Amino acid sequence: MMGMLAPGVAPEVPDGSELPGARAAAITGAAYGVLLILGVVLGVLGGFSHAWYLQDIPIAAVGWVVALFALPWGMGRLMGTRLAALLPMLSWLLVSFVLSGRRPEGDLTIAGDLAGYVYLYGGMLASAVAVLLIPSTGGSWLLRQNVRIK
C-alpha cells in the first residue's frame with residue numbers, strides 16, 4: 001500500500017525539524033550518560049575518602065554505604081527504570097575495583113582494612129538492594145499474553 005511505512009521506520013519531516021521521539025531519546029541517552037559519569041565521580045571520591053574514622057568506627061565508609069543506597073534508589077525512582085539505578089552503580093564498581101588493586105609500586109587506594117571492606121562490600125550490597133527495590137517497568141517476558149502456540 002502506498003504511504004505505509006515499515007515497522008521501525010521513522011517518517012521524514014519536510015521542514016527538517018526533529019521528531020519529538022528523537023528528542024526524547026536523545027535526552028534519555030544524555031541522562032544515562034550523566035548517571036555513568038556520576039558513578040565514576042562517586043567511585044573516585046569514595047575511594048579517596050572512605051577511610052575517615054571516628055574513634056574505631058569507619059564513619060565515612062558507613063556514610064558512603066548510605067549514599068550508595070540512596071543514589072541508585074533515587075535515580076531509579078525518578079527515571080522509572082532499573083537501568084537508571086544500575087548504571088551509576090556499575091561505573092562506581094568498576095572504579096572501586098581499579099582503586100582497590102595493587103599498583104606496581106605496592107600502593108593501593110582502598111586498603112584491605114575495616115573501612116575498605118565496609119566501603120566495598122557494604123556499597124555493593126546497598127546498591128544491589130536499591131536496584132532490586134525499584135519497581136519493574138514492564139511485565140515479565142514469561143507471562144506475556146501475546147504469545148501464540150500453533
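**Helix packing and aromatic pairs**

Modeller: Happy to walk you through this predicted model. Let's begin with a tyrosine: Tyr-117 has a relative accessible area of 44%, so Tyr-117 is partly exposed.

Biologist: Is Tyr-121 buried or exposed?

Modeller: The cut-off for exposed is over 50% relative accessible area. Tyr-121 reaches 51% relative accessibility, so Tyr-121 counts as exposed.

Biologist: Nice. What kind of ring pair do Tyr-117 and Tyr-121 make?

Modeller: In helix H4 these two tyrosines sit 4 residues apart, about one helical turn. Their ring centres are 5.9 Å apart, and planes under 30 degrees apart count as stacked. The planes of Tyr-117 and Tyr-121 are at 20°, so the pair is stacked.

Biologist: And what kind of pair do Trp-92 and Tyr-119 make?

Modeller: Their ring centres lie 5.6 Å apart. Planes over 60 degrees apart count as edge-to-face. The planes of Trp-92 and Tyr-119 are at 80°, so this pair is edge-to-face.

Biologist: Which parts does that pair tie together?

Modeller: Both Trp-92 and Tyr-119 are buried. They are 27 residues apart in sequence, and because Trp-92 lies in one helix and Tyr-119 in another, the pair ties together H3 and H4.

Biologist: Which residues form the aromatic cluster?

Modeller: Trp-92 and Tyr-119 are already familiar as a ring pair. With Trp-64 they form one cluster: Trp-64, Trp-92 and Tyr-119.

Biologist: How many charged residues are in the contact of H1 with H3?

Modeller: The axes of these helices come within 7 Å and cross at roughly 35°, in a right-handed crossing. Among the residues that meet are Leu-36 in H1 and Trp-92 in H3. The contact divides into 13 nonpolar, 5 polar and, for charged residues, none: no charged.

Technical notes:
Residues numbered from 1 in each chain as written. Predicted model: local features only at pLDDT ≥ 70, side-chain atom pairs only at ≥ 80, totals over all residues. Heavy atoms only, no water. Axes fitted to C-alpha atoms, helices over the stretch in contact; angles between N-to-C directions. Left-handed = near helix turned anticlockwise from the far one by under 90°. Contact = heavy atoms within 4.5 Å. Nonpolar A, V, L, I, M, F, W, Y, C, P; charged D, E, K, R; others polar. Phe/Tyr/Trp six-rings, centres within 6.5 Å; stacked < 30°, edge-to-face > 60°. Buried < 20%, exposed > 50% of the residue type's maximum accessible area, 1.4 Å probe, protein only.
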